[in-house]
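Subject: Structure for you to look at

Hello,

Here is the structure I promised to pass on, with my notes underneath. Please open it beside this email and follow along.

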Amino acid sequence: MKLTAKTELIKEIVDIAEGIGALELRLHIETDKLWYRVVDSGNVAMASVEIPSDAFSEYSFEPSQICVDIKKLKNALGFGGKEISITRQSLESNAIIVECAGYKSTQTLLHDATVRKDPQMPALELPGSIDIIGKEFATIIKNISTESDKIRMVISNGVFSVESVNEGQDNVVKPLSTDELIGVSGEGNSLFSSDYLISMSRNLGGDVNIGLGNDFPIIISFYVAGGHGKGKYLLAPRVEA
Amino acid sequence: MKLTAKTELIKEIVDIAEGIGALELRLHIETDKLWYRVVDSGNVAMASVEIPSDAFSEYSFEPSQICVDIKKLKNALGFGGKEISITRQSLESNAIIVECAGYKSTQTLLHDATVRKDPQMPALELPGSIDIIGKEFATIIKNISTESDKIRMVISNGVFSVESVNEGQDNVVKPLSTDELIGVSGEGNSLFSSDYLISMSRNLGGDVNIGLGNDFPIIISFYVAGGHGKGKYLLAPRVEA
Amino acid sequence: MKLTAKTELIKEIVDIAEGIGALELRLHIETDKLWYRVVDSGNVAMASVEIPSDAFSEYSFEPSQICVDIKKLKNALGFGGKEISITRQSLESNAIIVECAGYKSTQTLLHDATVRKDPQMPALELPGSIDIIGKEFATIIKNISTESDKIRMVISNGVFSVESVNEGQDNVVKPLSTDELIGVSGEGNSLFSSDYLISMSRNLGGDVNIGLGNDFPIIISFYVAGGHGKGKYLLAPRVEA
């Protein structure tokens, strides 16, 4: 049983989970795809990733779940090789062997019973939608968060606004009209923790879609593995104090 | 009422005040120039800056004083735009609106009564004078300060020396003769805190003039805004323990 | 009495001693060479360096020993000059004058009686030997040390392995066969502290030879001064807990 892929792909998969502070991953390896869904310890944020098997250069795993320690896997990603392979001797084996750049890392799997089960991604119908370049969204979040630890996002009259939430009349707002966006529609107005948004948005390459509601969770959908796979972040709104 | 300028110019103006640790600025906006004079909280250092109105691409402010929070203004300078504009609705308004790269930052002005009045720059006749490239002066200060938290500067017999002040016989001295200086004249010998000199000298671009006396303040005069405006630092001497 | 050399050479000499955490150096200046041997405060590691006099552009010192403070000498190396000279007025002088980039640093010598005498480098016949590019060895040490604070090195059947020592079955191993090495021979198996190996291996340029035994010290031999001089590190093994 062996998976082989570009190191960059495995790094992307792991970084997305780290974007909500996850330390452990329950990876589902199915015939046609690898996927996970993970929730942060505070139950505020979720990440999900789904990668079709053909994004891997080798994919000969028995359908199974493996629970991995993210930190150990990341160490192996730093060894400098362009490809990485993950081998599990059999479905009974309690370890994986990660090979990269000539290094062979034996990593005990986490015990299935100790790792949280897959959370349900709630099926939300969000009234607002924005399409934007991921890196531009990340820059806006970083700039606004220098002013406040809470960020309000609003869609109103075809304009998407990201703004700080300060005490007093101080305020920073970045309004984005249609010419700065790929697309915008509907309405929405919700408040979020900037810390989560910052670490999530670091992992957004390419074009992303943002679903927004009124005091509702935000859902950020994006591509992984150069468009082959897909990822999703969900972040619960904050209630204003 | 609106000022518009290159972001770089506003950054220069603000950095010079930060070079003495200032947190607040009382900006004087007059018909032909913008200026400030500020003293540090320990009454050891002063900075002054004067920028003619034609260094701004737009300059339509009523003559007035505004007291701004340096940190808030700096945040807006980091948004990534090449130009920045500062608007105040009227002379009665207690806020400015800073616009940069499509961000709109509303910043409450500090209350006039709480911000220290402009200090007087003492009119000193200093017997020694050095003309030197600002960046070279900054490098010398940085090097000598690795050895000591006090720095002595001496002009004697046409040589300008910068030296560490250590206990015992250990000592580092950098003597600069006429071929390493733009100019040197007179005599002087004073001791200064290296911390202040380091943070001041970071902001010295182009050629600078240094006035030196005997146990007297140092005055560093330099150009701002590519030669359009001018700046000045004054630092009180330290008395040897 | 004066030594002049490229700043880079003096930096190399000093960095090697710093690689075992040395703070003081007893430099032997002899007719044909400059050398030192130094042991770390924990008696776990030794460094020795020997530079022939012709590696210096000026070498007119009376045969003598001088005890220098490494930190003071390093400061002077940061002044930015390509050449550095070290002058001692006479054999009676208790200071050296270090000149670099126009800076003149007077450094009191450490008192001979307070600086540890030269340790003996034990004459070991180590059964295993590896020749490897120094920078590649450093990279392997850095990678393996992300996993463990102890590193085991093994030569067996013509393969040199570097591996982490973890509790449980987790493990990272990098086996190097003949095509990744310049040479390998004999047998050996010893355990070392990764902290020492990391800071030592940073200073290994060019090709290095590693001598390995069974629960015996490691000896790393390397060239200094672009092949003119030579250096040696010795590190005592750790006993497994």
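One definition before the notes: a salt bridge here is a side-chain nitrogen of Lys or Arg within 4 Å of a carboxyl oxygen of Asp or Glu. Please also keep in mind that this is a predicted model.

With that cut-off in hand, start at the interface of chain C and chain A. D170(C) and K72(A) form a salt bridge there, and their closest N and O atoms are 2.4 Å apart. The count of salt bridges between these two chains is one. The background is simple: side chains of opposite charge can pair when their charged atoms come close.

Now the rest of that interface. On the chain C side, 13 residues are in contact with 15 residues of chain A. Together the two chains bury about 1,100 Å², and carbon and sulfur atoms give 38% of that area. N143(C), Q169(C) and D170(C) supply 43% of what chain C buries against chain A, more than any other three residues. So D170(C) appears twice in this story, as a partner in the salt bridge and as one of the three residues that supply 43% of the buried area of chain C. Polar contacts are found here too, in nine residue pairs, both residues being at pLDDT 80 or more.

Which elements of chain C each supply at least two residues of the side that touches chain A? They are helix 3 (134-145) and strand 13 (171-176). Strand 13 of chain C gives the largest share, five residues. By type, the residues of this side of chain C divide into five nonpolar, five polar and three charged.

Strand 13 of chain C also takes part in pairing between the chains. Three bridges join strand 13 of chain C to strand 9 (residues 103-108) of chain A, and the two strands run antiparallel. To find the pairing on screen, you could go to T106(A), whose bridge partner in strand 13 of chain C is N171(C).

How are the two chains placed relative to each other? As background, two copies of a chain are related by a rotation about an axis and a shift along it. Chain C can be laid on chain A by a turn of 120 degrees and a shift of 0.1 Å along the axis, with an RMSD of 0.0 Å. That is the relation of a three-fold axis. For chain A and chain B, a rotation of 120 degrees with 0.0 Å of shift along its axis gives a superposition with an RMSD of 0.0 Å.

Next, please move to the interface of chain A and chain B. Here 13 residues of chain A are in contact with 15 residues of chain B. The buried area is about 1,100 Å², with 38% given by carbon and sulfur atoms. N143(A), Q169(A) and D170(A) supply 44% of the area that chain A buries against chain B, more than any other three residues.

This interface holds one salt bridge. In it, the side chains of D170(A) and K72(B) meet at 2.5 Å, N to O. Nine residue pairs are in polar contact across the interface of chain A and chain B, both residues at pLDDT 80 or more. Helix 3 (134-145) and strand 13 (171-176) of chain A are the elements that give two or more residues to the side of chain A that touches chain B. Of these, strand 13 of chain A gives the most, with five residues. This side of chain A divides into five nonpolar, five polar and three charged residues.

Strand pairing can be followed here as well. Strand 13 of chain A pairs with strand 9 (residues 103-108) of chain B in the antiparallel sense, over three bridges. V173(A) stands opposite K104(B) in strand 9 of chain B.

One more lysine deserves a look, K72(C). This residue is in helix 2 (residues 70-77) of chain C. Leaving aside neighbours within four places in sequence, what is K72(C) in contact with? The list is D170(B), Q107(C) and T108(C). Towards T108(C), the side chain of K72(C) reaches the backbone oxygen at 3.5 Å. If you would like a landmark within chain C, the C-alpha atoms of K72(C) and V98(C) are separated by 9.9 Å, and the two residues are 26 apart along the chain.

Finally, away from the interfaces, a search of the whole structure finds 24 salt bridges over all chains. One of interest within a single chain has the side chains of R26(A) and D112(A) meeting at 2.8 Å, N to O. R26(A) lies in strand 2 (residues 24-29) of chain A and D112(A) in the loop between strand 9 and strand 10 (128-133), so the pair ties together parts that are 86 residues apart in sequence.

Happy browsing, and best wishes

Notes: Residues numbered from 1 in each chain as written. Chains lettered and ligands numbered in written order. Predicted model: local features only at pLDDT ≥ 70, side-chain atom pairs only at ≥ 80, totals over all residues. Heavy atoms only, no water. Least-squares fit on C-alpha atoms with pLDDT ≥ 70 in both. Contact = heavy atoms within 4.5 Å. Buried area = accessible area lost by both parts, 1.4 Å probe. Polar contact = N/O pair within 3.5 Å; in protein donor to acceptor, adjacent residues only side chain to side chain. Helix = DSSP H or I, 4+ residues; strand = E, 2+ residues; numbered from the N terminus. Nonpolar A, V, L, I, M, F, W, Y, C, P; charged D, E, K, R; others polar. Pairing = 2+ DSSP bridges.
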